[in-house]
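The exercises below are to be worked through with the coordinates open, and each task sentence is followed by a solution in steps.

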Amino acid sequence: MGGMSTMGGMKRAHCDLVPLEAKRSKDGSLEHELELTVPDASYAHDAIIMAASMPSALDSAAGSVSASSRAMLRAMAPACLVTPPGQRHHYQVAVGEMLRGVLLVAERDTGHQVEEASARVSQAEEALGAARNGKASAGEALGSSVASFDNAKSSFRGCNMSLQEDHRAFELAVELQRQATEEVHRTASLRTVLEQVYREHVAPVIAETCEDLGLHVDVIASSYGKAKLDESLAIAFSVAARKQPQDRSNFDHLVLRQLDAEYNKRIQELTTEVEAAGPTITAHEEAVAKASATLDEARQRQQDSAAMLRGAELDHHTAAAEVWAKDQAVDAAHCQLQDAKAAQAKAEDGLTDFRRGPLAKLQVLLDREDGPASKNEVKVGPDCMMTNGDAPEPAGVGEQTADLD
C-alpha cells in the first residue's frame with residue numbers, strides 16, 4: 001500500500017521505500033546494487049546472529065505492526081544489518097531506523113504485557129483476599145450454625161422429656177378419674193339395689209302385707225352383705241321375718257324395726273357418698289382437662305422444636321457446604337495467583353531478555369543511540385520524508401511501520 005503509520009496517535013507519512021539503487025529479482029526479493037565493503041569477522045558474526053533473531057523480535061510488535069510490514073522488514077533487514085554503519089546506503093539507514101522503531105514498539109508492547117500481567121497479579125491477589133474473607137465469613141457462619149444446631153438439639157431433648165412427663169401426668173389424671181368414677185358408679189348401683197330390695201321386700205315384710213314370706217326373706221338375706229348388717233341382726237331377722245305376723249313376739253317386731261332402721265341408714269350413707277363424690281368427680285375432670293391441655297402444649301412445643309432442629313440441621317449442612325465451597329474458591333484463587341505471578345515473571349523476563357538481546361544488539365549494530373540524525377526527519381528516499389515530531393522519548397519510538405506494501 002506504500003503507507004507508513006505511527007502508533008499511539010503518531011502521524012502517518014507516505015513514501016516509496018524502495019531506493020533507486022535497488023531492483024527486484026525474479027523471485028520478487030530486493031537486490032541491492034550497492035557495492036559493500038566486506039565487514040570484519042566479529043561484526044559479521046554479530047550481524048548474522050541479529051539477523052537470525054530479527055523475525056522473532058519483529059513478531060513481538062505483532063500487536064502494533066501489520067504482518068505485511070513485518071514481512072517487508074524481515075526481507076530488508078539482513079542487508080542492512082550486515083553492512084557496517086559507515087558503509088550503509090541512506091536506504092539501509094532508513095531501514096535500520098525503521099527496525100529500531102519497530103523494536104521500540106515491541107519493547108513498549110512487551111512492557112504493556114508486563115503491566116497487564118502485574119494487573120492480573122493484583123486482581124488475583126484481590127480475588128484471593130476476597131476468597132479468604134469469604135472463607136472466614138463462612139467459617140463464622142458455620143460456627144454459629146453449630147451453636148444453633150446444638151441449642152436446637154438440646155431444646156428438642158428438653159421438649160421430648162417434658163412431653164413424656166406431661167403424658168405420664170395425663171395418664172395418671174385419667175386413671176384417677178376412672179377410679180373415682182367407677183367407685184361412685186359402684187356406690188350408686190349398690191344404693192339402687194338396696195332401694196329396690198327395701199321397696200319390694202323389706203317394706204312389705206315389715207308392713208305384714210306380703211304373702212310368701214320365705215321368698216321375700218331369701219331376697220333380703222342375699223343383700224345382707226351389701227347392706228353391711230350386723231350378723232346377729234341378720235340371723236334374728238331371718239328367723240323373725242319368716243313367722244306369720246300373728247306369731248311374732250315383741251322381740252321379733254323389735255328385730256324387724258331394727259333391720260328397717262339399719263337398711264334405711266345404709267341407703268342414706270350410700271346417698272351421702274354419691275353426693276359427696278360429685279365435687280371429687282368434677283375435680284378429676286378438671287385435672288384431666290388441665291393435663292390434656294398441658295399435654296397438647298407439650299406436643300406443640302415438641303413439634304416446634306423438631307421443626308427448629310430440622311431447620312438448624314439444614315442450616316448446619318448448608319454452612320458446612322459453603323465452607324467447603326469457599327475452601328475450593330481459595331484453592332482456585334491461589335492457583336490463579338500462582339499462574340498470574342508465573343505469567344508476570346515470564347513477561348518481565350521476556351522484557352529483560354528483549355532489552356538485553358535484540359534491542360541492545362540492534363543499537364550496537366546501528367552504532368547510534370538517539371535515533372536518526374534529525375529527530376524530526378528520517379530520509380528514506382531522495383524525495384521521501386517520514387515525520388516523527390510527535391514521537392515519545394526515547395527518540396525513534398514513534399516511527400513505526402504500519403503498512404509497507
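Helices (H or I, at least four residues) and strands (E, at least two) are taken here as DSSP runs, numbered from the N terminus. Leucine 190, for instance, lies in helix α3. The model is a predicted one.

**Exercise 1. Establish which parts of the predicted model deserve a detailed reading.**

Step 1. Begin with the whole protein, which averages a pLDDT of 77, with 74% of the residues scoring at least 70.

Step 2. Then turn to the extremes: confidence is highest in helix α7 (residues 250–366), at a mean of 90, and lowest in strand β2 (residues 13–14), at a mean of 30.

Step 3. The pLDDT is below 50 over residues 1–39, a stretch that has 93 contacts in the model beyond near neighbours in sequence. It is also below 50 over residues 368–405, where the corresponding number of contacts is 114.

Step 4. Where pLDDT is low, the predicted coordinates should not be read in detail.

**Exercise 2. Describe the overall architecture of the protein in terms of its helices, strands and contacts.**

Step 1. The protein has seven helices and six strands, and along the sequence these follow the pattern β-β-β-β-α-α-α-α-α-α-α-β-β.

Step 2. Of the contacts with a separation of 6 or more, 77% are accounted for by residues 24 or more positions apart.

Step 3. Buried residues make up 39% of the 405 residues, while the accessible surface comes to about 22,400 Å², of which 53% belongs to carbon and sulfur atoms.

**Exercise 3. Compare the span of α3 with its expected value, and locate its bend.**

Step 1. Helix α3 covers residues 90–207. At 1.5 Å a residue, its 118 residues should span 176 Å, the expected span being 1.5 Å times one less than the number of residues.

Step 2. The end C-alpha atoms of α3 are 167 Å apart, which agrees with that expectation.

Step 3. A bend of about 45 degrees in α3 is found at tyrosine 198.

**Exercise 4. Which residues does α3 bring into contact with serine 145, and is serine 145 buried or exposed?**

Step 1. Serine 145, which is placed in helix α3, has a relative accessible area of 7%, and because the cut-off for buried is under 20%, serine 145 counts as buried.

Step 2. Apart from neighbours within four places in sequence, serine 145 is in contact with Asp315, His316 and Ala319.

Step 3. The C-alpha atoms of serine 145 and threonine 318 are separated by 9.1 Å, although their positions lie 173 residues apart along the chain when counted as a separation.

Step 4. A polar atom of the serine 145 side chain lies 2.6 Å from the backbone oxygen of leucine 142.

**Exercise 5. Follow α3 through three further positions, and list the contacts of each beyond four places in sequence.**

Step 1. Glutamate 125, also found in helix α3, is partly exposed, with a relative accessible area of 40%. Glutamate 125 touches Leu337 and Lys341, and its C-alpha atom is 8.0 Å from that of alanine 333, 208 residues apart along the chain.

Step 2. Threonine 187, likewise in helix α3, is buried, with a relative accessible area of 8%. The residues touched by threonine 187 are Leu270, Glu273 and Val274.

Step 3. Leucine 190 is in contact with Lys226, Arg266 and Leu270. The C-alpha atoms of leucine 190 and serine 223, 33 residues apart along the chain, are separated by 9.8 Å.

**Exercise 6. Examine the positive phi angles of glutamate 208 and lysine 228, and place each residue in the chain.**

Step 1. As background, most residues other than glycine have a negative phi.

Step 2. Glutamate 208 has a positive phi, near 60 degrees, and comes just after α3, in the loop between α3 and α4 (213–221). At 34% relative accessibility, glutamate 208 counts as partly exposed.

Step 3. Lysine 228 also has a positive phi, near 55 degrees, and is found in the loop between α5 (224–227) and α6 (231–241). Its relative accessible area is 60%, and because exposed means over 50%, lysine 228 counts as exposed.

Methods: Residues numbered from 1 in each chain as written. Predicted model: local features only at pLDDT ≥ 70, side-chain atom pairs only at ≥ 80, totals over all residues. Heavy atoms only, no water. pLDDT = per-residue confidence, 0-100. Contact = heavy atoms within 4.5 Å. Buried < 20%, exposed > 50% of the residue type's maximum accessible area, 1.4 Å probe, protein only. Polar contact = N/O pair within 3.5 Å; in protein donor to acceptor, adjacent residues only side chain to side chain. Bend = angle between axes of the 7 residues up to and from the residue. Areas by Shrake-Rupley, 256 points an atom, 1.4 Å probe, with all protein chains shown as cover.
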